[in-house]
Amino acid sequence: MTKKYHSSYAKKRTFKSTLVEKAVKYFFFLNGMISVLFLLLIFLFLFKEAISAINNIGITEFFKNIEWYPTSENSRYSIIPLILGTLLTAIPATIISSLLGITLGIYLSEIASGKTREIIKPFIEIFAGLPTVVIGFLMLAVGSTYFQELFNTGTRLNALLAAFGLSIILIPTISSLTEDALRAVPNNLRMASYALGINKFAMIKNVVIPAAISGVSAGIILGFGRAIGETMIVLMVSGNAAELTLNILHSVRTITATIAGELGEVAIGSPHYYALFFIGTFLLIITFIINLISELIIERMRKKLNKMN
Amino acid sequence: MVNRFKENIKKKSYSDSIFDNVMISVIRIISFLLIIIFVLILGKIFYEGIEVINWNFLTGIPKSNISKGGIGPAIFGTMAVSIIMLILAVPVGIFSAIYINEFAKDTFWLRLIRASVNSLAGVPSIVIGLFGFGFFVLFIGKSIDNILKTGMLFGQPAIIWASATLAVLVLPTIIVTTTEALNSIPLTFRQASLGLGASKWQTIRYIILPQARSGILTGVILALSRSIGETAPIMFLGCAFFLPNLPLAHLDLSIIQIPIINPADQFMHLAYHIFILATQSSNPTLTAPFQYGTTLVLVLITLLLNLTAIIFRFRFRKIIEVVKRNQ
């Protein structure tokens, strides 16, 4: 984009009007810097409290133990069961929603007719905007009973149920990212493969998806990041028992649910309070890295597709 | 020999095309099933919720352990928080977008701002809530109290801090959509305006902003809908379980008193109300209709907002298409 219009006439401007223009520019610049400021503040503030946690509790305490009992007399602050709980809900959710979301994305991009797409796409978009607390409530009120009968689980609320709840919000995200990635594949690739006598599914599988693979995988990674950071659904249906388990049918407790559930009752300035900031900082770093990776992948895909065109 | 070869090819392609058709149908069926599940989820909320919704439910205050009465204060609280959030976030968001798209050259600062907006969009809402609690309530609020000697007026969770935290949360949404809207205005508009001797600020004010209006509105509405649905960050920022009085203050103008939102008050919130009803109800079967009713109200608000945003975006794209075609 060229932004070098006005050069000769600008010089003729009066001193006062250039001053106003400069002031306007700096005003907008300062507004632009507010996002930078808040990102910095978030990092500084969380790091500061996390360091207090390390000073108060000790870094080994977070990883040495295997129990999270912040309120008992002999309080223990291990982040391990919380990490396991987070992964136990986020990984199944990502797998389920990748399989279904990519299928839906392929349907929208390659198979659905223009008219069908025009109806379904806004519907999915609207659905993606549904508050997560609503999904949590429905899983709790309706889903939990069905799933208990279906999978014969011991506890009514468990990691699998939370994973299904998370999938409902991840599927729209992943499917629309997949669709975007597939539609960015140049059409002459499709035409060329048809000309070679290939069938539609084989074309999708062997030509379109490999060309768009980085966009699709970026969608999956973003979905995983969202699953880790999601709070309400896991708070409501994961059961919130901080036990060390790898069984997906057990109650688990995630990092987000721990913060949401305990920050309201914690005494400000106590070790427990700092411990919550520590696990919050941990979550912030992890999601930051995940988002960075997916952004790099999308950037690479954009360059690759630019070359193709 | 040649014939057999031909037959082989035919057979192979025949079985291939069967496999192909089957796989395409599988994709189709899975997609339709997903859509049906989505429809069923919405249908369940509508079917169960519509029974309880009436004027008393929408305006009344909760009574007898929230199994009777209404959700008036929750709707009011949601509106109050959202209005202050919009006042805080929209100008900053739009001005940032104007800087990114109209002023910034491809420099360090532009890249820094873009990267920050993207990163801010990826921060989990609970972390933003944690930040809001620590920074706005305990740091800013307590400092204001110390300076103004107001005791515990600002140094506790309240509407203003919930709004400020939600503003941080939705800022990237507003910036990204506004930047896109501004970016789709053809460059020739700017050139024509500048060529006529208008200054840069005049060009933005009288040419670009009016053209981008529906695109910007899309972003504002999406931000509003997102902030209404967010529960996690406001849970410890002044949301109250039961608060029959509206968070109002009266602005005394000696002749008349004007009721305004009291930003230092606690509030009820629809999303939080659903959470409380679903998890802490002493008698779930008794409060079930109320849960569905409250959920339906929240879902209707967000669905309508999202639908409006989609329509605005559609209209904006149409306008831009026409403009580009006429060039």
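A nonpolar core is taken here as a set of buried Ala, Val, Leu, Ile, Met, Phe, Trp, Tyr and Cys residues joined through C-beta atoms within 7 Å. In this predicted model, the largest such core holds 183 residues. Its best-connected members come from both chains: V134(A), I233(A), I279(A), A89(B), L130(B), I174(B) and I274(B) touch the most other members. As for individual helices, α6 of chain B, spanning residues 159–183, gives the core its largest share, with 16 residues.

One of those well-connected residues, I233(A), gives a feel for the surroundings on the chain A side. Setting aside sequence neighbours within four places, I233(A) is in contact with T132(A), I135(A), G136(A) and M139(A), and also with A162(A), G165(A) and L166(A).

Back in chain B, helix α6 is also where L171(B) sits. This residue has 23 other C-beta atoms within 10 Å, so it ranks as buried, the cut-off being 20 or more. Beyond the residues up to four places away in sequence, L171(B) touches A89(B), V92(B), G93(B) and L120(B), along with S35(A) from the other chain. A89(B), then, turns up both in this list and among the core members with the most contacts. W55(B), on the other hand, is 116 residues away from L171(B) in sequence and 34 Å away in space, C-alpha to C-alpha.

Helix α6(B) also packs against helix α5 of chain B (residues 125–148), their axes coming within 9 Å and crossing at roughly 135°. The two helices are therefore oblique to each other, and α5(B) passes α6(B) in a right-handed crossing. On the α5(B) side the meeting residues are S125(B), I128(B), G129(B), G132(B), F136(B), V137(B) and G141(B), while α6(B) brings W161(B), A164(B), T165(B), V168(B) and L169(B). Sorted by class, that contact comes out at 7 nonpolar and 5 polar residues, with no charged ones.

Over in chain A, helices α8 (residues 187–195) and α9 (residues 200–229) have axes that come within 10 Å and cross at roughly 155°. That angle is over 145°, so α8(A) runs roughly antiparallel to α9(A). Here too the crossing is right-handed. L189(A), R190(A), S193(A) and Y194(A) make the contact from α8(A), and M203(A), V207(A), V208(A) and A211(A) make it from α9(A). The tally by class is 6 nonpolar, 1 polar and 1 charged.

Another buried site in chain B is T294(B), located in helix α11, residues 284–325. T294(B) has 29 C-beta neighbours inside 10 Å and therefore counts as buried. Its contacts, leaving out neighbours within four places in sequence, are I71(B), L270(B), H273(B), I274(B) and L277(B). Of these, I274(B) is again one of the core members that touch the most others. T294(B) and I75(B) are 219 residues apart in sequence, yet their C-alpha atoms are 9.4 Å apart in space.

Finally, the two chains meet through a contact that takes 72 residues from chain B and 69 residues from chain A. On the chain B side, helix α1 (residues 2–49) supplies the largest share, 14 residues. By class, this side of chain B divides into 45 nonpolar, 20 polar and 7 charged residues.

How values were computed:
Residues are numbered from 1 along each chain as its sequence is written. Chains are lettered from A and ligands numbered from 1 in the order in which they are written. This is a predicted model: local features need pLDDT of at least 70, side-chain atom pairs count only at pLDDT 80 or more; totals for chains, interfaces and linings use all residues. Axes are lines fitted to C-alpha atoms, for helices over the stretch in contact, and angles run from 0 to 180 degrees between N-to-C directions. Helices (H or I, at least four residues) and strands (E, at least two) are DSSP runs, numbered from the N terminus. Angles under 35 degrees count as roughly parallel, over 145 as roughly antiparallel, 65 to 115 as roughly perpendicular and the rest as oblique. A crossing is left-handed if the near helix is turned anticlockwise from the far one by less than a right angle, and right-handed if clockwise. Two residues are in contact if their C-beta atoms, placed from the backbone, lie within 7 Å. Ala, Val, Leu, Ile, Met, Phe, Trp, Tyr, Cys and Pro count as nonpolar, Asp, Glu, Lys and Arg as charged, and the others, Gly among them, as polar. A residue is buried if 20 or more other C-beta atoms lie within 10 Å of its own, exposed if 12 or fewer, and partly exposed in between; C-beta atoms are placed from the backbone.
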